[in-house]
Amino acid sequence: MKSYLDLVPISAKVHKRQNRMSVFCIVLAVFLVTTIFGMADMFIRSQIMQARIEDGNWHVMIRNINEEQAALISARAEVTASSWYGVLNYRGDQGYTVLGKNVIVMGSDKDWIMKMQTQDIRDGTFPQNDHEAMVTENAKIMLGLQIGDSISVNGPDGTSYEFTISGFTKNAAKTMKEDSYAVCLTTQAFRSLYPGVSNGQPAQYNSIFFVQFSTHSNIRSTIAEMKSQLGLSDEQVSENTKLLGLLGQSGNSFMMQIYSSAAVLFLLVLLAGIMMIASSLNSNVAQRT
């Protein structure tokens, strides 16, 4: 034996079982860390998908702004989708009906249905012009409607508004509960039948502006910059707190507490894995020495 290093293979043969245990500890630690964070990532992804289905894939909604402000927001590089959204006869007290049954009238832009409301369209397409409309599936079943058929929305003053059906959307919980229908129109068609409008501003049409940002941008700083440039108050801008929280970009204090807790747990698990591997290696090296 020329060097004490020649003892290493001899020690390895004698302590073969212990060496296997060291390797097992290392594999177990790596597997533990990988599994925990893999499951956490899968959980977050599933929660994001669920939040988009339940609440919509939008990030902020803005009240009481004009068309010029909305155009400036839509033109921002961070914005991937934007849309006006308004509702008429939501409580069923404004007298809009279809064949004697109460109907909720909604008005929006294409982005609302195609990008911000996942899985809403059951058949057909969003209205391509102001003379087309989408109706809920219960209206399709109860009235025997097909794409291309005509439907009449009757106003409280007896005026009848004719639309061609371009598609069907999923039933909402409210329409099913109240046994009513819902009609989705373009923003211009919606505003053309909205009553009692004096100055033509979006707020007069009960319209709110919804915005979807790129998930690769810093949404928090973008919202703050947007507020500063357009002079928007905190009351005008409301966040989709659940979705932004899951994306890690919420400014809500409760969500920040959750982020802090998650960071602490991350460090504890990571530290436990490192210590397990280091302890196993140190024990093995010390014994060989």
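Three exercises with worked solutions follow, on a predicted model.

Local features are reported at pLDDT of at least 70, side-chain atom pairs count only at pLDDT 80 or more, and totals for chains, interfaces and linings use all residues of this predicted model. Residues are numbered from 1 along each chain as its sequence is written, and side-chain values use heavy atoms, with hydrogens and water left out.

**Exercise 1. Strand E8**

Task: State which strands pair with strand E8 (residues 160–169), and in which sense.

Solution:
1. Helices (H or I, at least four residues) and strands (E, at least two) are DSSP runs, numbered from the N terminus. Two strands pair if DSSP finds at least two bridges between them.
2. Strand E5 (residues 121–124) is antiparallel to E8, with 3 bridges. Within this pair, glycine 124 is opposite glycine 167 of E8.
3. Strand E6 (residues 132–136) runs parallel to E8, and 5 bridges join them. Methionine 134 has glycine 167 of E8 as its bridge partner. Glycine 167 therefore appears opposite glycine 124 and as the partner of methionine 134.
4. Strand E7 (residues 150–154) is joined to E8 by 5 bridges in the antiparallel sense. Here asparagine 154 is opposite serine 160 of E8.
5. E7 and E8 form a hairpin with 5 residues between the strands. Glycine 158 in this hairpin has a positive phi near 90 degrees.

**Exercise 2. Glutamine 69**

Task: Locate glutamine 69, decide whether it is buried or exposed, and list its contacts beyond its sequence neighbours.

Solution:
1. Glutamine 69 is part of helix H3, which spans residues 67–74.
2. Its relative accessible area is 18%, so glutamine 69 is buried (buried is under 20% relative accessible area, exposed over 50%, partly exposed in between, with a 1.4 Å probe and protein chains only).
3. With neighbours within four places in sequence left aside, glutamine 69 contacts Asn64, Leu230 and Leu232 (contact means heavy atoms within 4.5 Å).

**Exercise 3. Positive phi outside glycine**

Task: For asparagine 64 and aspartate 179, give the phi angle, the loop and the exposure class.

Solution:
1. Asparagine 64 is not a glycine, yet its phi is positive, about 55 degrees. Its loop lies between strand E1 (60–62) and H3.
2. The relative accessible area of asparagine 64 is 55%, so this residue is exposed.
3. Aspartate 179, also not a glycine, has a positive phi of about 55 degrees. It sits in the loop between helix H6 (173–178) and strand E9 (181–186).
4. Aspartate 179 has 48% relative accessibility and therefore counts as partly exposed.
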